[in-house]
Structure formats: C-alpha cells, structure tokens
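Work through the following exercises with the sequence and the model in view, and try each task before reading its solution.

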Amino acid sequence: MNGLFITIEGPDGAGKSTLVKKLQTAVAAETKRPLVITREPGGSEIAEEIRDIILNPLHTKMDARTEALLLAAGRRQHVVEKIRPALERGEIVLCDRFVDSSVAYQGQGRGIGMDKVIAINAFAVEDLKPDITLYLDIASDEGLKRIKSKHSNRKQDRLELEEITFHEKVREGYEQLIEEDPNRFSRIDASQVPAKVFEDAWAILKPRLK
Ligand code: TYD
C-alpha cells in the first residue's frame with residue numbers, strides 16, 4: 001500500500017477534533033495528494049450505526065466485552081469500506097482514533113486486559129497499522145474539565161460520563177502503548193493553546209507527506 005495512515009489518539013478533551021480541522025487545511029495546502037478524514041467509532045454508514053449503540057448514554061447495561069466487540073466490528077467495516085481502499089489508492093488517511101483507543105479504553109480503562117483487546121482487533125483489522133500516531137497528551141482532570149465546558153449545552157456520551165479513575169486508567173493504557181512502540185507514537189502536549197498543538201503536530205507530519 002502506498003498510502004500514509006495517520007491516527008490521532010488521546011484522552012477525552014485533548015482537542016483532537018480541533019487539531020484534525022487545522023491539519024486538513026494544512027495538508028491540502030501542502031500537497032495535491034488526496035486526503036481522507038475519518039473517525040472512530042464510526043467512519044462508514046454501518047460503523048456510524050454501531051457508534052450510536054456504543055455511545056448511547058441509556059445503554060448502562062452494556063457489558064465491557066460487548067462494547068469492545070462492537071467497537072472492533074465497526075472498525076472492521078470502516079477498514080474494509082474506507083481506510084484500506086484509500087491507502088491502496090495511495091491516499092493520505094487521517095483517522096481520529098483507531099485500535100489504540102480500544103486498547104487504552106476497553107483494555108486498560110474497562111480492565112478487560114490490553115492483550116485480549118489487541119487480539120480481537122487483530123482479527124478485525126488484520127495487519128493494518130498506522131504509520132504515524134499523534135498522541136495528544138493531557139491530564140485526565142484537565143481533559144474532563146474541557147469536555148464539561150464544551151458540552152455544557154449537549155449531552156455527554158456514555159464513555160465521557162465515566163468517573164475520573166476510568167480516564168486515569170485509560171491514560172495509563174496509552175502510556176504503556178507508547179512505551180512498547182515509541183517509533184510510531186509522537187507525543188504532543190495538548191495542554192498548550194490550539195495553535196501551538198497544531199504547530200507541534202505539523203512539524204512531525206509535514207516531512208512525512210512527500
Ligand atoms: P470520540 O468520537 O473521539 O469522542 P468525541 O465525540 O468527544 O469527539 O469518541 C467517543 C468515545 O468513545 C470516547 O470517550 C472514546 C471512546 N472510544 C473507546 O472507548 N474505544 C474506542 O475504540 C474508540 C474508537 C473510542
């Protein structure tokens with residue numbers, strides 16, 4: 001595959017969507033290569049329907065493994081329908097969350113075990129792996145504070161409603177992933193102003209677009 005697969009990861013409230021928008025503009029100005037912007041959970045019609053089931057705050061009965069399996073199922077559909085074909089065409093794919101989110105949130109946060117979640121995701125995505133992962137690093141309490149102010153006029157989703165201890169475990173999960181694969185991850189300090197977060201991200205991505 002000739003494409004470039006970039007993922008953005010981080011705890012809730014790290015500012016991923018703001019960064020994605022800025023990167024979209026910058027990539028378009030820098031290169032003529034087509035860019036696919038997408039996200040998880042979701043990213044394709046079927047996967048977006050699965051997303052609604054996963055994030056519905058009324059689904060308080062959802063079992064942790066059910067949640068992990070639904071995420072992996074949606075991811076499978078997203079990879080097959082959208083990500084893989086774009087990479088095969090040589091395009092750049094920028095995806096807001098991917099397998100690492102499941103390993104951190106379900107594996108560590110929910111306590112299923114990172115290895116188990118890695119295994120079901122290997123079934124879902126086969127050998128697909130991001131080329132570059134930007135990790136937006138923010139303290140859990142800071143991230144949650146941002147979400148509460150950002151979503152003050154809309155309902156928080158089922159995962160955002162979790163206690164701070166859950167979000168701290170998620171962050172630990174990410175830390176382990178970074179330790180195991182330091183070449184793929186680039187850590188960005190997401191407590192900075194959005195312009196600076198973008199500047200740091202762009203310094204990493206720009207040289208890789210050629
Ligand atoms: P996201 O769409 O990034 O949140 P937002 O709507 O605030 O931009 O993700 C929704 C939630 O789903 C978020 O709390 C992280 C969680 N999530 C998992 O638990 N596992 C996963 O594999 C993914 C992709 C997301």
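**Exercise 1.** Find how far a polar side-chain atom of Glu 160 lies from an oxygen atom of the ligand, and then look at Ser 102 and Arg 51.

*Solution.* Begin with Glu 160, where a polar side-chain atom is 2.7 Å from a ligand oxygen atom. For Ser 102 the corresponding distance to an oxygen atom of the ligand is 2.5 Å, and for Arg 51 it is 3.1 Å. The protein covers 92% of the 550 Å² of accessible area that the ligand has on its own, with areas taken from the Shrake-Rupley method and a 1.4 Å probe. The model is a predicted one, in which local features need pLDDT of at least 70 and side-chain atom pairs count only at pLDDT 80 or more, while totals for chains, interfaces and linings use all residues. Residues are numbered from 1 along each chain as its sequence is written, and side-chain values use heavy atoms, with hydrogens and water left out.

**Exercise 2.** Describe the shell around the ligand: how many residues surround the ligand, and which helix gives the largest share?

*Solution.* First, count the residues with a heavy atom within 4 Å of the ligand: there are 17, and the closest are Asp 12, Arg 97, Ser 102, Gln 106 and Glu 160. Next, sort the shell by class, which gives 5 nonpolar, 3 polar and 9 charged residues; here Asp, Glu, Lys and Arg count as charged, and Gly is among the polar ones. Finally, assign residues to helices (DSSP runs of H or I, at least four residues): H2 (45-55), H3 (64-88) and H4 (99-109) each supply at least two residues of the shell, and the largest share, 4 residues, comes from H4.

**Exercise 3.** Examine the backbone at Arg 97 and at the bond between Glu 40 and Pro 41.

*Solution.* Start with Arg 97, whose place is in the loop between S3 and H4; its phi is near 80°, a positive value in a residue other than glycine. Then turn to Glu 40 and Pro 41, which are joined by a cis peptide bond with omega of about -5°, and note that Pro 41 lies in the loop between strand S2 (35-39) and H2. For background, most residues other than glycine have a negative phi, and most peptide bonds are trans.

Note on methods:
Polar contact = N/O pair within 3.5 Å; in protein donor to acceptor, adjacent residues only side chain to side chain.
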